[in-house]
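Let's take a tour of a protein together. Have the sequence and the 3D view ready, and we'll go from one spot on the chain out to the whole picture.

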Amino acid sequence: MAEAESRAEQLHVPPRKDSRSFALMRARLKSMQGDGTDSLLAYFKAGVQADKGWDQVAMRYGLALTEQRVGDHADATAAMRDLAAKYDDVTAFRIGLADAEMQSGDAGAAISTYRAAMRLFPDSTPLLLSYGGDLINAGKPQDAVDLLTPLLPTQLGGPDVLRLVAKAYDKSGNSADSHYYMSEYYLVTGLPAAAVDQLRIALATPGINSVQQQRYRARLHRVEEEAKEARREQRDQPP
């Protein structure tokens, strides 16, 4: 055993990507805890000093997130920029940098960071969701719609994307399509009755055009059938 451990140390085997992701997720969750922010800052600063290797990197990430949380956007942005430059294969650092730039008020820099990251990680759902959310927060909901709606027919178009598309349409002033996409969200999350309600609200929205009416009515008919089938299956289940 000792000989095997010695050989492993000599090989300098890098940490597996899944273990890196776990360390980053743990740091992120810690930074979001309800503890006092002063104690969180102290925790991460101590970790940066004491830890080594990827654990230290994760502590730097957690520290930057906590700095961002307390409004220290300059230090958070600088830290995320350094992490993104040193570990250019880690999506979380690109997201962290763009988010820090957005929260510091530099929407242009944030969007540039997102666009560069999208060229590297076009299939990253967390990146797409963060980009779309920040576009909405920056007052560019139509850009979020344009970014996210092409994904809906693909494997990336899951429930979180549907809900964000609905929010983007709502913020852009298109409440009817917002309700339409919320109906799709409820449908894929197993709530067909709620999906029916959303489609009925969409149909009752003033000012919708004939194309929207036809689209909503056709979808409502299909979803109502699915809701009926779900109720029948529920009734047929043994007590």
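## Starting point: Leu29

In which helix is Leu29 found? Leu29 sits in helix H2, which covers residues 17-31. Keep in mind that you're looking at a predicted model.

Is Leu29 buried, exposed or partly exposed? With a relative accessible area of 48%, Leu29 counts as partly exposed, because that label covers values between 20% and 50%. Leu29 also belongs to a nonpolar surface patch, together with Met25 and Met32. Between them, these three residues offer about 320 Å² of accessible area.

## The largest pocket

Now for the largest pocket, which holds about 690 Å³ of space. It is lined by 24 residues, and those closest to its centre are Met25, Arg28, Tyr61, Ala92 and Ile95. So we meet Met25 again, the one from the nonpolar patch with Leu29.

Which helix gives the most to this lining? That's H2, with seven residues. At least two residues each come from H2, helix H4 (53-69), helix H6 (91-103) and helix H8 (125-137).

## The whole protein

Zoom out and you'll find 13 helices and zero strands. Reading along the sequence, then, you pass one α after another.

Of the 239 residues in the protein, 40% are buried. On the outside, the protein exposes about 13700 Å², and carbon and sulfur atoms supply 51% of that area. As for contacts with a separation of 6 or more, 49% are between residues 24 or more positions apart.

Methods
Residues are numbered from 1 along each chain as its sequence is written. This is a predicted model: local features need pLDDT of at least 70, side-chain atom pairs count only at pLDDT 80 or more; totals for chains, interfaces and linings use all residues. Side-chain values use heavy atoms; hydrogens and water are left out. Patches are made of residues with over 30% relative accessible area and no salt bridge: like charges are joined within 9 Å, nonpolar side chains (Val, Leu, Ile, Met, Phe, Trp, Tyr) within 5 Å. Accessible areas come from the Shrake-Rupley method with a 1.4 Å probe; for residues, only the protein chains shown count as cover. A salt bridge is a side-chain nitrogen of Lys or Arg within 4 Å of a carboxyl oxygen of Asp or Glu. Helices (H or I, at least four residues) and strands (E, at least two) are DSSP runs, numbered from the N terminus. Buried means under 20% relative accessible area, exposed over 50%, partly exposed in between (1.4 Å probe, protein chains only). Contact means heavy atoms within 4.5 Å. On a 1 Å grid over the protein atoms alone, a cavity is a set of points where a 1.4 Å probe fits but cannot get out, and a pocket is an open set with protein on both sides within 12 Å along at least five of seven lines; lining residues have an atom within 4 Å of a point. Grid points are joined across faces, edges and corners, and a volume is the space filled by probe spheres set on the points.
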